[in-house]
Amino acid sequence: MERSMRADDVLVRVDDLSVAYGDTTVVDQVSFEVPAGSTTALVGESGSGKTTVARTLLGHLRAGARLTSGRVSVGGRDVFGLDRAGLRRLRSTTVAMVPQNAGHALTPSMRVGRQVEEALLAAGADRAAARERTVETFAQVSLPDPDRIGRRYPHQLSGGQQQRVAIALAVAVRPKVLVLDEPTTGLDVITQRAILGLLRELTLRLGTATVMVSHDFGVVAALADHATVLRAGRAVESAPAKQLFQEPGDEYTRELLGAVPRIGGAVSRNGADQSQRGESPRGESLLRVQDVRIGYGHRERDLAVRGASFELRRGEVVALVGESGSGKSTLAWSLAGLHGPRDGSMRYLPATGDGDLAQAARRRPLELRRRIQLVFQNADTSLNPRRVVAEAVRRPLRLFRGLRGSELAAREAELARDVRLEPELLRRLPMQLSGGQRQRVGIARALAGSPAVMVADEITTALDVSVQASILDLLEQLRGEHDLACLFISHDLGVVKRIADRLLVMHGGVVVEEGPADAVFDGPNHPYTRELIEATLEPDPELARASVRPEAGGDIRESLSAGRLTGLRHDATDPGVGASTGAVVWRWRDAGPEMVELGDGHRVRQWELTSER
Amino acid sequence: MTGSELTVAGTPAQGTLRTVWAGIRSSRAATIGLAIVALHVLVAIAAPLLTSYAPTQSVPAEALAGVSWDHLAGTDQYGRDVLTRVLHGGRFALVVCALSTVAAVGLGTVVGCFVALRGGWADNVVMRLVDSVLAVPAILALLVVVTALGTGTWVVVAAITIVYVPGVVRVVRAAAQSVVPLEYVTAARARGERRWSILRRELLPNVADVVAVELAMRASWAALLVSSLSFLGFGANPPTPDWGLMVAENRTALTVVPMATLAPIVALATFVVGLNLAADGLAKAWGIDRFRRDGR
Amino acid sequence: MTLFVARRLGAMVLTVVLASLLVFVALQALPGDVATQILGRDATPEAVQVLRDQLGLDQPAWRRYLEWVGGAIQGDFGTSLASGEAVGSELALHLRNTLLIAVLAIAGGLLFSLVLGVVAGLYRDRWPDHLISGASLVGMSVPEFVVATVLVLLFSVTIPVFPAVVLDDADATVGQLLPAIWLPALALSIALAAYVVRMMRASVIDVMASEYVQTARLRGLGTGRVVLRHALPNAVLPTLNVIALNVAWLVGGVVVVETVFNYPGIGTLMIDAVYDRDLPVLQAIAVLSAVVYALCNLAADVAAMGLNPRLRAGGRSTA
């Protein structure tokens with residue numbers, strides 16, 4: 001396994017590679033090289049061909065695709081010139097891949113340890129050595145209890161642990177080349193940070209030539225030494241990472257980087273709006289939610305939301321932030337009348353009746369129903385695939401406004417213009433529109449009822465960055481034009497920073513912190529908020545790398561004494577006093593319903609410290 | 001991305017009927033299958049015009065005659081022309097099969113969509129009932145009904161309908177359940193649409209493909225079931241010409257006139273193969289997994 | 001896991017009870033007098049009254065059902081109207097004979113069809129697939145009586161190796177029946193195989209396209225290993241319930257096939273019962289088939305538990 005490693009030891013050489021699928025060229029004359037000990041990123045939006053390129057390193061082409069020019073050499077061997085046995089040997093020893101979604105990529109019926117051992121056996125190890133190396137590798141990827149975790153099946157592991165197993169599977173055989181295919185997509189930010197830190201450390205330690213595929217500039221910044229930007233199968237720019245992020249040479253790269261939302265430093269694009277937003281006198285209250293608890297069963301532990309209170313005012317964007325499972329979407333659905341709360345009250349204040357939102361949509365008066373409208377995450381499934389998209393807009397116009405005939409057609413066209421969509425596009429089926437266009441139709445559908453409150457549930461999550469930016473712009477314009485209040489649900493703090501006036505941070509079904517966006521981003525925070533902000537990767541190699549460093553985040557007690565956290569229950573004594581520090585890790589724990597007021601509506605939920613070995 | 005999105009295979013057609021039509025046209029197997037079925041229907045309708053014999057006209061003197069120019073498929077033990085009887089033999093099966101299939105699939109689709117949308121206790125109760133009806137094999141259930149109510153055509157139609165509804169409910173419910181959580185259905189619920197309206201506007205067009213495949217598949221099973229029933233002596237009554245009954249009558253003379261048994265077999269088999277090809281073709285055109293699901 | 005099995009057992013009992021209730025309603029509680037129906041319109045009133053007494057028809061339907069269930073639980077299914085013997089013992093004898101052919105058909109049919117299905121799935125759209133799929137299409141398109149008749153034509157008429165009909169009575173010894181079981185078993189297994197082949201094929205195609213099989217290949221594992229260890233256990237899983245269903249419905253095929261061969265099993269017993277309007281026998285057979293259905297489903301669940309670690313519990317499932 002020992003080999004001499006020189007920096008110019010080029011292990012991957014892709015030369016003039018073109019791939020066609022049917023008659024369409026999906027990869028067009030791409031070339032790059034990766035030396036040992038270095039990481040190259042292939043960046044691009046969906047359809048850019050980045051995954052296709054990466055998989056050619058393993059000699060894999062999707063069924064129906066074929067190589068039309070060029071050559072791929074890995075460890076000095078021409079990948080597409082190998083016979084079956086040769087290719088198998090290459091895959092089992094020289095090049096390994098960490099797939100996008102470990103949850104789907106691990107065989108569900110096999111214990112994870114067996115899967116790693118199997119990979120080692122295929123690489124030529126004997127049984128005893130394979131068993132030993134498996135445990136060793138599990139320890140290396142920081143899986144808990146490496147001796148026994150191999151006995152588990154994939155479904156018994158958390159998403160982050162599954163991804164670690166997938167990494168173990170790849171590195172166990174000590175490959176010279178590692179392919180990372182969107183290795184953290186689908187993971188929560190805090191888990192993502194840990195996985196990226198691990199990958200960074202492993203690639204450096206093992207000295208692999210690493211090729212990573214990503215759409216996320218933050219992830220690229222954290223891992224890559226060198227980056228190649230792909231667009232529609234062509235490499236538009238290739239540069240060292242630092243240079244690419246600081247002075248992008250190509251117009252397209254600049255555009256993409258400009259569209260990436262950031263938390264720190266850079267001001268959002270509508271700088272004027274931002275300052276005005278802070279000062280503007282708040283409008284009347286539209287929505288009041290008090291002590292709402294929502295559950296999917298009858299037991300206490302089935303509660304998804306365990307006591308949320310907030311207000312929403314006219315013309316304001318409130319962001320509801322949290323990881324998956326924090327209860328934020330449940331709360332949104334409840335407001336839309338899709339899932340009744342167990343107790344607490346939710347009210348639409350300007351309503352003529354009692355404006356009770358605890359009742360199901362079907363029971364709400366028509367007038368109330370149209371006032372609160374939902375926009376969905378997934379533009380692919382939010383429109384009926386068998387009906388022209390105009391139907392999606394017409395239906396609420398008929399139902400809520402009673403429009404018919406020419407009036408209907410006129411309003412329909414008007415709505416299309418409102419969301420900056422060519423009215424002709426409404427005559428198409430959803431499949432014939434792009435993701436961004438479909439999301440615009442979804443917004444038009446919500447606007448059709450002339451709502452006062454728009455609940456936007458992760459509406460930009462499934463979109464490419466450039467499309468995401470345009471949808472955010474649209475939302476910004478709409479709230480001015482229609483005087484809309486918006487509850488914007490997102491897990492992406494960068495996006496939130498850009499659009500929100502106020503922030504509600506949810507964790508485990510409770511709001512742990514709320515306040516004006518700027519205050520929350522800048523001021524003393526709840527430890528969870530702090531963790532979220534720190535784990536969010538900026539498109540800047542220095543910041544992103546610092547963020548994924550293992551020691552990043554630091555000790556919670558250190559932050560506390562530095563005055564960077566608030567909300568520690570005042571009567572709680574520091575259990576750490578007198579305890580030996582050593583291997584003890586300090587964590588926070590929720591400490592009940594009281595909130596600590598910091599002024600200007602900025603409140604932090606109480607917490608306390610606990611120690612963990 | 002826009003480009004590749006447009007070229008994704010099988011852009012869905014608009015509406016329920018157009019979906020089905022587009023599916024039929026896009027699959028060669030489905031076209032061939034339906035052509036075979038159509039041919040059988042035409043023959044059944046035009047049977048009296050295609051032959052000079054009457055199906056029940058017995059000529060004892062010519063009993064059990066082999067294949068000849070006068071009798072292309074020979075004659076049976078009563079001297080009836082086998083070919084004539086085969087041409088007429090689809091009538092009973094076709095009528096029963098068509099009526100019961102349409103009734104069962106129609107009813108089952110509505111119930112299946114409804115319980116998928118409604119969920120809760122209604123879903124539980126219906127599925128328990130469905131399971132208990134499925135617990136008795138179709139042919140046994142039919143025999144029980146026939147014992148109780150006799151062997152009239154309408155009894156058989158009603159019985160097959162009842163026996164097949166649960167299977168359809170199960171399949172359509174499963175298909176509808178994958179549509180119900182989709183966001184366009186959620187949007188309709190958030191608008192406060194009535195359940196019936198959601199069922200008709202959002203669910204039905206999106207399970208139309210499954211229902212069409214189900215229709216073809218059920219029809220093929222119904223044809224097998226009816227002919228089995230006739231074979232056992234509880235379907236078509238003698239001297240009615242019917243494929244199943246003919247096999248039962250003529251197989252005692254299998255060694256003497258094999259054609260008298262084989263001819264109705266071939267007729268029945270081609271009819272069912274036609275239906276199966278149609279079901280297969282449609283399923284493939286729409287990417288429905290025809291066999292990975294339960295409920296028969 | 002115990003909870004899982006307990007719940008399945010509960011559902012199973014409920015299904016059987018409901019099915020028996022439905023059968024009872026269909027046979028006995030429909031409008032019209034059962035005794036008159038059995039004996040025909042021109043029966044003497046005395047004869048009708050005797051039968052009414054024998055069937056206990058003067059009692060309300062729910063009472064009769066409960067009494068019948070009570071007896072059935074103790075193995076007493078009443079007395080056959082046709083033979084005057086206890087339904088239970090008659091059933092047991094015929095069941096033994098049917099099991100002779102059914103077990104053979106299930107074992108042979110399943111083994112044969114699983115292998116063919118896997119082959120067709122692995123060679124998707126190549127000639128082995130076309131051949132196997134075509135054959136199964138034909139197999140699906142011909143009813144059991146046709147398969148049986150063709151088998152008779154081939155193996156009893158053209159090449160006379162097996163008897164075309166069975167002349168033994170139900171109480172014949174296994175040895176006496178032995179030569180007669182092969183053709184009925186073959187006919188049944190063909191009907192069964194046609195469906196299982198197709199299900200298995202579809203499932204194998206699905207699993208082979210799954211991400212975990214793809215990545216296993218990209219790890220450089222050999223094809224044999226990928227298929228046997230990674231693909232097959234997961235490919236069989238979704239077909240188990242459908243296999244169970246088809247096996248349960250073999251009872252339907254049994255009726256037809258036994259009639260063709262005049263084989264003295266449950267099927268012929270049932271047909272005779274229909275001719276004789278022998279309600280107790282019919283009822284017992286229908287409930288027996290529901291029990292078979294429930295048992296098959298249970299077997300499928302247990303097998304699924306063996307193949308799917310998720311069902312074996314012991315760990316939390318990630319959403």
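This briefing looks at two contact surfaces, one between chains and one between domains of a single chain. The model is a predicted one. Chain B meets chain C through 41 residues of its own and 49 residues of chain C. Within chain A, domain 1 and domain 3 also touch, with 17 residues on the domain 1 side and 14 residues on the domain 3 side.

**Where chain B touches chain C**

- On the chain B side, the elements giving two or more residues are helix 6 (120-134), helix 7 (138-149), helix 10 (195-232) and helix 12 (258-286).
- Helix 7 of chain B provides the largest share of that side, nine residues.
- Sorted by class, the side of chain B that touches chain C holds 26 nonpolar, eight polar and seven charged residues.

**How chain A is divided**

- The domain assignment splits chain A into domain 1 (10-259), domain 2 (270-371 + 483-516) and domain 3 (532-612).
- Taken over C-alpha atoms, the centres of domain 1 and domain 3 of chain A are 34 Å apart.

**Where domain 1 touches domain 3 in chain A**

- Three helices of chain A each supply at least two residues of the domain 1 side: helix 7 (189-206), helix 8 (217-223) and helix 9 (241-246).
- Of the elements on that side, helix 7 of chain A gives the most, with eight residues.
- The side of domain 1 that touches domain 3 of chain A is made up of ten nonpolar, three polar and four charged residues.

Conventions:
Residues numbered from 1 in each chain as written. Chains lettered and ligands numbered in written order. Predicted model: local features only at pLDDT ≥ 70, side-chain atom pairs only at ≥ 80, totals over all residues. Contact = placed C-beta atoms within 7 Å. Helix = DSSP H or I, 4+ residues; strand = E, 2+ residues; numbered from the N terminus. Nonpolar A, V, L, I, M, F, W, Y, C, P; charged D, E, K, R; others polar. Domains from an automatic or database assignment.
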